[in-house]
Amino acid sequence: MSLEASVRLTQGPLDLDMELAIGEDEVVALLGPNGAGKTTLLRAVAGLVPFNSGHVSLDGHVLEDAATGRYVPTERRPIGFVFQDYLLFPHLNVLDNVAFGLRSRGMSRGAATEKAVQWLDRVGLKSYAGAKPAELSGGQRQRVALARALAPDPRLLLLDEPLAALDVTTRADVRRDLKRHLASFQGIRLVVTHDPLEAVALADRLIVMEKGHLVQTGTPAEVTERPRSQYVADLVGVNLLRGEADHGSVRIPGGPVVATAGAESGEVFAMIHPRAVALHHTRPEGSPRNVWRGRASNIELMGNRVRVRIDAEVPLVAEVTPSAVKELDLVEGGEVWLSFKATDVGVYPA
Amino acid sequence: MRRERVPIVVLIPAAIGAAFFIVPLVGLIVRSPWHDAVAALTAPETVEALKLSLVASLSATAVGLILGVPLAWVYARAEFPGRDLLRALTTLPMVLPPVVGGIALLLAFGRRGLLGSWLDSTFGITLPFTTAGVVMAETFVAMPFLILTVEAGLRSMDRRYEEAARALGASRWRVFTRVTLPLIAPSLFAGAVLCWARALGEFGATITFAGNFPGVTQTMPLAVYLVLETNQEASFILSLVLLLISLVVLVGLRHRWLGSA
């Protein structure tokens, strides 16, 4: 039982080309920056966006196939969709919002009301049945939207930035509830988010996309330990370089040669944790094989650490203590030497 | 909260503008022969004309809703060549002299008209100079107000609610009746009120296409005009009645008419 989709389409500046294969034993998060095409892909799966070529099938049933022209309209797909700002019908009360999908699918008024009340009870909003969406808080709206999407027992649950509309204080609570509901849902679950924290918290597997294309997929641990794009590297907060490896060195195109400990060859990623990068006033003597000169371009306090961005042959971020910054007399624009050991460079095939 | 003071350059033309409307109405009130009011109002012709006016203008609004809302939907949602031209044609009566509209209706639906002769010979239906003709003339002139208002409402609504409804399994009809129509209710309401108001005051197209037969086609505006030629002062009273009805409706509906905004 699974969702399989392959979608290629062009929409304005977006050139989307993605494949998805999702089983029901996992919660999958589509992660990527704004404009990556995550929402468009989700909408295409729901049948709300036409695509040039590709297909969508659910549990072996073809919902859409550009080659044969088959198209099952959105309203006849067994989906539940939680939209970004929930889109609760403003003219209907909470109960009627939750019952809407049940009534649309032909359930009698009495049965639909009964089931909607059960769902409101499950999300803890039974006493708000008669309220209009405008009277609810953001977190409550999110729960109504979830109940509305789940009430008709969909096979596929699609969530578009389910927490983005919430303020930081309620987000953690709502995220915990959402995780619980996702866990108890029997079906395929796909969450779109641009927030890595949310993705890691909710999903068993991440699909990272950028500019309409797949960048990386894997468990949150796999993705964060071996980033394969600048986007993920920035999210995780590590330095990521890409170059040609040749037994103990990686040549960065248009940049330096990085000494490494491995024996890889070919196109590779070289990951350097900012904590592994040491800063010096003058050219350091000693064991580190990589010694570059540069200028501190940005100094930022992060908790009890200071992240210093250094414009060397390639820009690199170092993480040091505030006292080190003081001792080194570091100022933005000031000259500085950096070093890191070859053994601190993680190398893996690109 | 402090009230914002109206700048003098705005206040003066605004006051003149308001006076421009109010002074003629005051004139009507001042010059009306109040001692004859009861007699003029209870005259059978007046009652008949008033009844006909209400029936015809409400019918025109109903026809406008039944035909105009789908047309507005087509304008707002469908893409087809010639859409802008079609929209211009169907809103032409807003700028056309109503008499011209009446003549056009005669040429189309008159006994010898394009469709009229066929309707007459096939079904024995004659439209001109009947109450149905009054409704047609009023609809012709008033429906464009409804179409444009509803189209604007459809264009400005957040269509993602319709997608949300579809994702919940709603058929297109259910989406339209349960989501689209309720969401554009303010526009729908404003359009219907505008349409009704225009129909109630309709004169030129009605007298041209439907004539001026008491009890059949003589609406209040026509009655006012007729009485004006014989008994000027009585016409003032009739005018005032028309004015009061309109005023009551417009004031009563004002906050809804202006939408939920």
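In chain B of this predicted model, 75% of the contacts with a separation of 6 or more come from residues 24 or more positions apart. In other words, those contacts link parts of the chain that sit well separated along the sequence. As for what the chain is built from, it's helices and no strands: chain B has 13 helices and zero strands. Reading along the sequence just gives one α after another, in the pattern α-α-α-α-α-α-α-α-α-α-α-α-α. The C-alpha trace of chain B spans about 70 × 65 × 30 Å along its principal axes, and 38% of its 261 residues count as buried.

Chain B also touches chain A, with 14 residues of chain B in contact with 16 residues of chain A. On the chain B side, two helices each supply at least two residues, namely α8 (160-167) and α9 (172-183). The top contributor there is α8(B), which gives six residues. Sorted by class, the chain B side comes out as eight nonpolar, two polar and four charged residues.

Over in chain A, a pair of helices packs together. Helix α2 (residues 94-104) and helix α4 (residues 138-150) of chain A meet at an angle of about 30 degrees, and their axes are 7 Å apart. Since angles under 35 degrees count as roughly parallel, α2(A) is therefore roughly parallel to α4(A). From α2(A), the residues involved are A:Val94, A:Asn97, A:Val98, A:Phe100 and A:Gly101, which meet A:Val144, A:Ala147 and A:Arg148 of α4(A). By class, this helix-to-helix contact has five nonpolar, two polar and one charged residues.

Note on methods: Residues numbered from 1 in each chain as written. Chains lettered and ligands numbered in written order. Predicted model: local features only at pLDDT ≥ 70, side-chain atom pairs only at ≥ 80, totals over all residues. Contact = placed C-beta atoms within 7 Å. Helix = DSSP H or I, 4+ residues; strand = E, 2+ residues; numbered from the N terminus. Nonpolar A, V, L, I, M, F, W, Y, C, P; charged D, E, K, R; others polar. Axes fitted to C-alpha atoms, helices over the stretch in contact; angles between N-to-C directions. Parallel < 35°, antiparallel > 145°, perpendicular 65-115°, else oblique. Buried ≥ 20, exposed ≤ 12 C-beta atoms within 10 Å, placed from the backbone.
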